[in-house]
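I opened this notebook to record what I looked up, entry by entry, in the structure shown below.

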Amino acid sequence: MPAAESYPDGLKYHREHDWARIEGDEATLGITWFAVDALGELVHYEPPREGATIAKDSPYGEVESVKAVSDVVAPLSGEVVEVNATVVEAPETVNDDPYGEGWLIRIRLTEPTEVDDLLDVEAYRSFLGEQ
Amino acid sequence: MSHLSLTERDRSEMLAAIGVDSIEELFVDIPETLRLRRPLALEPALSEPELVRHLEELAGRNVHTGRELSFLGAGMYDHYVPAVVDALLARGEFLTAYTPYQPEMSQGVLQAIFEYQTVICELTGMDVTNASGYDGTTVAADACYLAKGTTGRSKVVVTEATSPQVRQVVKTYAPGFGLEVIEVPHRDGVTDPEELRSAAEGAACVVFQHPNFFGCLEPAPELAAAANDAGALPVAHVDPLSLGVLEAPGAYGCALAIGEGQGAGNPLSYGGPHYGFLAAKTEYTRRMPGRIIGETTDVDGRRGYVLTLQTREQHIRREKATSNITTNQTLLALAGLTYLSWLGPDGLREVGETCMALAEYAKERLDLPLAFPQQATFKEFAVAVGRPAREVIRAARAQGVHPGYALGRDYAELDDALLVAVTEKRTPEDIDRLAEVLGP
Amino acid sequence: MKLIFEKSQSGRRASSLPHHDLPVPEIPEELRRSQPPRLPEVAEPELVRHLTALADRTFGIDTGFYPLGSCTMKHNPRVNERVVNLPGFRDLHPHQEVEGSQGALELMWRLQEILGEVAGLDAVSLQPAAGSQGELTGLMLMRAYFAERGEERDTVMTADTAHGTNPASVTMSGYKLQKVGTDDRGNLDLDDLRSKVTERTAGLMLTNPSTLGLFDEHIEEVARIFHDAGALLYYDGANLNAVCGISRPGDMGFDIVHYNLHKTFSQPHGGGGPGGGPVAVRSELEPFLPVPAVVRRADGFDLDFDRPLSIGKVRGFTGPFGVFVRAYAFIRAYGPALKEMSEVAVLNANYLLARLRTAYELPFDRLPMHEFVLSARALKREHGVTALDVAKRLMDYGFHPPTIYFPLIVPEALMIEPTETEAKETLDAFVEAMLAIAREAEVTPALLKEAPHSRPVRRLDEVKAAKRAVVKFGFDEHPDLSLEPSEPRALEAQKGA
């Protein structure tokens, strides 16, 4: 079942509709309910390779529904430590649980100060209100 | 004008509904400076009988295969197109439908393309193919683009024994694709796997035609292995009519199989329209250009067919699409499906064997030295005629026989070589006549 | 309905081939076919019935109204099918000597002359196999032109209303893409344009009228901006049906034009193709056109391969000749009255709009040309009914739906192009259906959301198709996809077309 609309506290958000869960010098990244809802049921996830470097504000992968393709934009820079194989196998996991089981990658942060540029949940909600 | 249903009364009612007095008012947004205020400088309209007469006059000045005994091949072949292909075209639905974006309106076309995809995969030993490419030359460019996207490499290798037009089209597309094209020369009418192996170092793909432009059978499994050794995708350019007797590229290590479909179900038609095919192993599915039809079910569980994996294509992925192709060659491909269904597996094997048997008979009867005597051939072979082949062709045509293609048009060192094609439409008597005309 | 493979029986065969008492040479073992291909095994009666059943499940222009925007689904004259099958055309080998192909070469040369006149440009190549290939050819011509002049230009601009082929072609030709916006009158945004054109701009790709069906009111200024920057203008001929004999792209300032012979000039669409995408150019670009060129000499027609600056070949031989025969025959049947074709196309579109604009929203309130774009946005907002639902319900009324969800700048878009060959009664019936559907949206929206009800299948699960990717018959291992239920949420989740 697709998840109901939500934007959890405790996550940081990026204007390209990505979220980050900061865990020390690592972060888990994914896409928000808003992005998932716009795409519809995901049918494909094209992840980066483990060990690859990603740069803030640049695309690191792609998600696809039947009718649309979207770049997934990195909210933070880092080295890819793990790719969520569950989502590669079953992309609709992101629709069901975008912030939990539907995480996309985990990275080791290379520029931790970038976290300060991200939005907290109120700022993101208000950004969404302007869309 | 017979295509327009508009009467004067219709016109006035419609203008009234729009709220204008004349059609001219509908063009007010076009600046006067851009209005063409004279009639188009075109010849006066022809009524239907006059039109037919004019086209008959033009057609009458073409020497077609009904007027001349022809052994011309070199990429396009006078194979028999069965009457049942006309049954496909007799109904206007296939002829006049467009791309099946609304699948509920187009289940017939969609299922037919799915069946076509199946037969192409069966012929080539591959897992996926598209709903057709433009022709046998552009699919080679498609294959190179796919290989570059997959491997990240920018060099492509093509054998010199591959059709000159295929090579020329690849070279035309290459600058825009950012590709470097390397050719591997033929050695006595075929390609040397060792030479290919060195050339393929760092290449995205290797394209080789088999049977090649000279009609010779290449050491295809070794060429594929040489490409694979170098990490380059082996791409075999194959003749569908040969695939009843020759091994499927998918069975000897090729990543892609491409080719020209004309011989399988389309008339010659002075070079087009025809259909090209590009088939691949399953791992290349997401990089395939062109439309792909997939099976699914509807809300009631009924089986049905839809365009699938559309996110590869231009209407969704736009500038990052696997290709810009939209309109393809569907109707010609469906003629191909009809033809291959008419043949069946035994018929396909038989047509290949018949061509080979007749070609062998021709080699004996012509009593001319073969240009590549060491090589096995399929339905075409090159003979050395002792003087520029162009002159031999001219002399033979004066006697009502077109003896074949002058290889000197594309290969300077083969100016005296004539490429003779023998299809199942030729008879031993036809070949005897050719021998007579080319004789001493 | 069964697949032909499910109707096959081992030992059946439709074909008969001549037999000769000649030995078949042996193929070297390593090259020999090991497993025969599993082609259908049917006799002729089953094959014909199968084709007929497939035709019964296909809707073409011959069946009914087919108003796909920018596709120009006009009637395909039957006389064209007769003449394309004349043996002198059908059975002519493309390698036939020039002396033996004079009729074909003359037809091509005359078609070139006609197309040059229609576009108001100087030279034509018929070689490209489709509109997309024409676009790519045009971009290759641009590259060659600037390379010859020693100018480094790396960017091509397209409109944000452009058909997806435009940006796809830009990438395939090695150019970088830049988009220009549309203003609220549906014209190119001139300020946006001026800010983006530089000395690195190679050109603009544009269709005029646009995919909104609107003639760009500033096209002369647009041309001036690009030409002043030394750049070229490329005309996407998809919408040429609106302006034949009325306004010429060459006069508008375009330097390269491609035609869609399967749109404007009646080549039948064939279920997706074939088509033809010839290009016309201003004389400065002629040397770069593909080889061979079809030329007229003192003593007849010829193929000219001596074009040292040519970009090369984009397709085999001289192009899709059978398509040329039909396009030529179509135009010869009209003569200069080709203008009337465009006039009636524009009249029919305006008539439909006049009668539909009360029930559907018109985002750009201007006089359209041969097509127009409505939005079903209000229906979605008020009744939860989308453009997709309207399209599916139209099928129950016996019409092929218009294009939906394009151009991208219009939400819930319905892009309607009737063409000139439709009778007023057909247009009226379509209007009645669209008005009825708008009422149904209000009163019985479920009828729309579950449409179509009258086709061989109901709505198909495209999510399942993408995930399972069953793209050929599996013979013994063919999966039964009905065992995997179509989840309602999967169908609901197919937002957009």
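**Entry 1: Thr322(B)**

I looked up the side chain of Thr322(B) in this predicted model. A polar atom of that side chain lies 3.0 Å from the backbone oxygen of Met288(B). I placed Thr322(B) in the loop between α10 (314-317) and α11 (330-366) of chain B. Is Thr322(B) buried or exposed? Its relative accessibility is 15%, and since buried means under 20%, Thr322(B) counts as buried. I then listed its contacts, leaving aside neighbours within four places in sequence: Tyr145(B), Arg286(B), Arg287(B), Met288(B), Pro289(B) and Arg312(B).

**Entry 2: His186(B)**

I turned to His186(B), in the loop between β4 (180-184) and α8 (193-199) of chain B. I noted a relative accessible area of 10%, so His186(B) is buried. Which side chain does the side chain of His186(B) meet in a polar contact? I found that of Glu413(B), at 3.2 Å. Not counting residues up to four places away in sequence, His186(B) touches Glu160(B), Ala161(B), Phe214(B), Phe372(B), Glu413(B) and Leu414(B). I also checked Thr159(B): Thr159(B) and His186(B) are 27 residues apart in sequence, with their C-alpha atoms 7.1 Å apart in space.

Two of these names came up again among the aromatic residues. Phe214(B) and Phe372(B), both touched by His186(B), belong to one aromatic cluster with Phe213(B), Tyr405(B) and Tyr411(B).

**Entry 3: Chain B as a whole**

I recorded 13 helices and 14 strands in chain B. Its C-alpha atoms fill a box of roughly 80 × 50 × 50 Å along the principal axes. Of its 440 residues, 70% count as buried. Among contacts in chain B with a separation of 6 or more, 71% come from residues 24 or more positions apart.

**Entry 4: Helix α2 of chain B**

I checked the length of helix α2 (residues 48-59) of chain B. Its twelve residues should span 16 Å at 1.5 Å a residue, and the end C-alpha atoms are 16 Å apart, which agrees. I found Leu51(B), Val52(B), His54(B), Leu55(B), Leu58(B) and Ala59(B) buried in α2(B). These residues cover an arc of only 160 degrees around the axis, which puts them on the same side of α2(B). The face turned away from that buried side carries the exposed residues Pro49(B) and Arg53(B). What do the buried residues of α2(B) pack against? I found α2 (78-84), α3 (87-90), α4 (102-119) and α10 of chain C.

**Entry 5: Helix α1 of chain C**

I repeated the check on helix α1 (residues 44-56) of chain C. With 13 residues at 1.5 Å a residue, the expected span is 18 Å, and the distance between the end C-alpha atoms is 18 Å, in agreement. The buried residues of α1(C) are Leu47(C), His50(C), Leu51(C), Leu54(C) and Ala55(C). Seen down the axis, they fall within an arc of 135 degrees, so they line one face of α1(C). I noted Pro45(C), Arg49(C) and Asp56(C) as exposed residues on the face turned away from the buried side. The buried residues of α1(C) pack against α3 (84-90), α4 (92-96), α5 (107-124) and α11 of chain B.

**Entry 6: Aromatic pairs**

I counted aromatic pairs over all chains and recorded 30. One of them is Tyr116(B) with Tyr275(B), edge-to-face, at 6.0 Å centre to centre and 75 degrees between the planes. Why does this pair tie together separate parts of the sequence? Tyr116(B) lies in helix α5 of chain B and Tyr275(B) in the loop between β7 (256-260) and β8 (276-280), so the parts joined are 159 residues apart in sequence. Tyr116(B) is buried at a relative accessible area of 1%, and Tyr275(B) counts as buried at 1% relative accessibility.

I next looked up Phe265(C) and Phe330(C), an edge-to-face pair at 6.4 Å centre to centre, with 65 degrees between the planes. Phe265(C) is in the loop between β6 (256-258) and β7 (279-281) of chain C and Phe330(C) in helix α10 (residues 321-334), 65 residues apart, and the pair links these distant parts of the chain. I found Phe265(C) buried at 0% relative accessibility and Phe330(C) buried at 2%.

**Entry 7: Charges over rings**

The charged end of Lys379(B) sits over the ring of Tyr77(B), 3.8 Å from its centre. In chain A, I noted Arg15(A) over the face of Phe127(A), at 5.4 Å from the ring centre.

Definitions and conventions
Residues numbered from 1 in each chain as written. Chains lettered and ligands numbered in written order. Heavy atoms only, no water. Helix = DSSP H or I, 4+ residues; strand = E, 2+ residues; numbered from the N terminus. Buried < 20%, exposed > 50% of the residue type's maximum accessible area, 1.4 Å probe, protein only. Polar contact = N/O pair within 3.5 Å; in protein donor to acceptor, adjacent residues only side chain to side chain. Contact = heavy atoms within 4.5 Å. Expected span 1.5 Å × (residues − 1). Arc of directions from axis to C-beta. Phe/Tyr/Trp six-rings, centres within 6.5 Å; stacked < 30°, edge-to-face > 60°. Lys NZ or Arg CZ within 6 Å of the ring centre and 35° of its normal.
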